[in-house]
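Work through the exercises below with the sequence and the model open. Try each task before you read its solution.

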Amino acid sequence: MNNITMKIAEEAILNALREDITSEDITTNSVMREYKLGEVDLICKQDGVIAGLEVFKATFLLLDKETNVEFFSKDGDLVKKGQKLGVVRGDIRVLLSGERTALNYLQRMSGIATYTRAIADMLKGTKTKLLDTRKTTPNMRIFEKYAVKVGGGYNHRYNLSDGILLKDNHIGAAGSVRQAVLMAKEYAPFVRKIEIEVENLDMLKEALDAGADIVMLDNMSIDDMKEAVKLAAGRAETECSGNVTKENVAKLVEIGVDYISSGALTHSAPILDLSLKNLHAV
């Protein structure tokens, strides 16, 4: 993450810490009444792709800027079960109080990066790019979309202010595919691309004739998507969407779309199991 993004992330991390510590960590304070220097190991408990190390570190630094965090890997690295990824040294009370929040971020982000890498690897050697969606956990988007990039995917629009994507209900509100595209063209700055979701070849043809820049082929059959790519060639970019998962993406590779978008990258990726172990005084 760059410095600006990290500043935004820190606000979210502070809110997560406030959620976990409303007044005090009563358990830690009962067994550790005063400052004592200690350290604990960050251990990987299953194979995967690590992502979110700076977020993990920031969690402890926000509790105590004197905490020292040393990593033996970097975001994007393949990590193995049993591997020691880093050491956290500082006030034992801080190590105990920050442990769960720091691991929650790191496990979630690493899980997304791992799942994304598995699908992105299936697209190697093709022109097709893997995109995420806005199907993110509320207040976690900045972390989850970063994890997708670490895993080898690309970010679709970040939020509703970031791009025009006309979906079925927008088309319903406008009255037709053609009208939705024309209204978007009239309203939006000319530098903005206009993407529209289509569910069949008739809608596709209407979108192309109206001048859409990108057509999202939503839940269409393999044969219809292949035909759609031919019809759109030279006129618009194509994106395949709808229930795209690790289990079925192989069937989509040969279609020749420019993009495949998958909400599963962020809403269905399991966490990567990580742990803080061997806490001791130094």
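**Exercise 1. A threonine and its contacts**

Task: Find what threonine 101 is in contact with, leaving aside its neighbours within four places in sequence.

Solution. Step 1: Contact means heavy atoms within 4.5 Å. Threonine 101 is then in contact with Ala16, Leu17, Asp20 and Thr59, once neighbours within four places in sequence are set aside.
Step 2: Place the residue. Threonine 101 is found in helix H4. Helices (H or I, at least four residues) and strands (E, at least two) are DSSP runs, numbered from the N terminus.
Step 3: Judge the burial. Buried means under 20% relative accessible area, exposed over 50%, and partly exposed in between (1.4 Å probe, protein chains only). Threonine 101 has a relative accessible area of 5%, so it is buried.

A note on the source: this is a predicted model, in which local features need pLDDT of at least 70 and side-chain atom pairs count only at pLDDT 80 or more, while totals for chains, interfaces and linings use all residues. Residues are numbered from 1 along each chain as its sequence is written, and side-chain values use heavy atoms, with hydrogens and water left out.

**Exercise 2. Two helices that cross**

Task: Describe how the axes of helix H4 (residues 92-122) and helix H5 (residues 141-150) cross.

Solution. Step 1: Take the axes as lines fitted to C-alpha atoms, for helices over the stretch in contact, with angles from 0 to 180 degrees between N-to-C directions. The axes of H4 and H5 come within 7 Å and cross at roughly 40 degrees.
Step 2: That angle makes H4 oblique to H5. Angles under 35 degrees count as roughly parallel, over 145 as roughly antiparallel, 65 to 115 as roughly perpendicular and the rest as oblique.
Step 3: List the residues that meet. H4 brings Tyr105, Arg108, Met109, Ile112, Ala113, Thr116 and Arg117, and H5 brings Phe143, Glu144, Tyr146, Ala147, Val148 and Val150.
Step 4: Sort them. The contact of H4 with H5 has nine nonpolar residues, one polar and three charged. Here Ala, Val, Leu, Ile, Met, Phe, Trp, Tyr, Cys and Pro count as nonpolar, Asp, Glu, Lys and Arg as charged, and the others, Gly among them, as polar.

**Exercise 3. The two sides of a helix**

Task: Which residues of helix H9 (residues 222-232) are buried, and which are exposed on the other side?

Solution. Step 1: Met225, Ala228, Val229 and Ala232 of H9 are buried.
Step 2: Look down the axis of H9. The buried residues fall within an arc of 100 degrees, so they line one face of the helix. The arc is that of the directions from the helix axis to the C-beta atoms.
Step 3: Turn to the other side of H9, where Asp223 and Lys230 are exposed.
Step 4: Find the cover. Helix H8 (201-210), strand E9 (214-218) and strand E10 (237-241) are among what covers the buried residues of H9.
Step 5: Move on past the helix. Just after H9, glycine 234 takes a positive phi of about 80 degrees.

**Exercise 4. Serine 73**

Task: Is serine 73 buried or exposed?

Solution. Step 1: Locate serine 73 in the loop between strand E3 (68-71) and strand E4 (78-79).
Step 2: The relative accessible area of serine 73 is 11%, so it is buried.
Step 3: Serine 73 touches Ile50, Leu53, Val79 and Leu85, not counting residues up to four places away in sequence.
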